[in-house]
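Here is a brief report on a protein model. It moves from the overall fold to one helix pair.

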Amino acid sequence: MQIIYHGHSSIQVAAGGKSLVIDPFLSGNELAVTKPEDIKTDAILLTHAHMDHILDAEPIAKANNGIPVIANVELATYMSWKGLNTVGMNMGGTYDLGFATAKMIQAFHTSGIVDEERKTIIYGGEPGGYIVQAEGKTILHAGDTSLFSDMKMFGERYSIDVALIPIGGHFTMGPEDALQAAEWYNAKLTIPVHYNSFPIIKQDAEAFVAQLEAKGMKGKVLAPGESIEI
């Protein structure tokens, strides 16, 4: 299995000759090195409705022959109005993609689409994360979230190979809470995400990984465009 980091919270998981992308945000991220039109994938998973997580879902889905876009029911409905092939689900549900399964898990955050021109906000359903399983491996994408104690339950119920955890602060957990989350998830490898894309979430990811290692955990910083094999 290969995990490709596209910057911010966007990752691509490749397994069995196919792949899925979580939270594609490329054209709006000056740190990204991949363009939306360069993404070849078989499914898109969206954790919530904020623009820095859904911005490139539409062009990527349409460029890849109408691949399924999986999201909570409200966000899936909104994306279907754009002509996309969507699958609406909710917390605790699992969708079988054939090459991988994706279980939607809880996250503590907000979720909405802001229309600046009309000065309205469209409700985007509850935010979440995903547990993706393929080829005997388990990947946890926490989504945008604060620290909450059920993270420990996920670590106890699943043997997590890779946990992707936000560390940016302000909108999500910062490094201190993310360190506790990593302990509770008890993953074999922790990868920090959701940082440095904007000045207000600037963090030292290498320092965070050093803190993980000081506690006996393994962490790795991926640059946008970088990938790992697990």
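The text below covers overall dimensions, burial and contacts, then the packing of two helices.

**Overall**

The model is predicted. The protein has 6 helices and 15 strands. Its radius of gyration is 16 Å, close to the 17 Å that the globule rule gives for 230 residues, so the protein is as compact as a globular protein of that length. The C-alpha trace spans about 50 × 40 × 35 Å along the principal axes.

Buried residues account for 55% of the 230 residues. Sequence separation comes next. Take the contacts between residues at least 6 apart in sequence: 60% of them join residues at least 24 apart.

**Helices α5 and α6**

Two packed helices are described by the angle between their axes and the distance between the axes. For α5 and α6, the axes come within 10 Å and cross at roughly 40°. That angle lies outside the classes for roughly parallel (under 35 degrees) and roughly perpendicular (65 to 115), so α5 is oblique to α6. The crossing of α5 past α6 is right-handed.

Which residues make the contact? The table lists them by helix.

| Helix | Residue range | Contact residues |
|---|---|---|
| α5 | residues 175-185 | P175, A178, L179 and A182 |
| α6 | residues 205-214 | F208, Q211 and L212 |

By class, the contact has 6 nonpolar residues and 1 polar residue. Charged residues are absent from this contact. Glutamine counts as polar, so Q211 of α6 is the polar one here.

Key: Residues are numbered from 1 along each chain as its sequence is written. This is a predicted model: local features need pLDDT of at least 70, side-chain atom pairs count only at pLDDT 80 or more; totals for chains, interfaces and linings use all residues. Side-chain values use heavy atoms; hydrogens and water are left out. Axes are lines fitted to C-alpha atoms, for helices over the stretch in contact, and angles run from 0 to 180 degrees between N-to-C directions. Helices (H or I, at least four residues) and strands (E, at least two) are DSSP runs, numbered from the N terminus. Angles under 35 degrees count as roughly parallel, over 145 as roughly antiparallel, 65 to 115 as roughly perpendicular and the rest as oblique. A crossing is left-handed if the near helix is turned anticlockwise from the far one by less than a right angle, and right-handed if clockwise. Contact means heavy atoms within 4.5 Å. The radius of gyration is taken over C-alpha atoms; the globule rule is 2.2 Å times the number of residues to the power 0.38. Buried means under 20% relative accessible area, exposed over 50%, partly exposed in between (1.4 Å probe, protein chains only).
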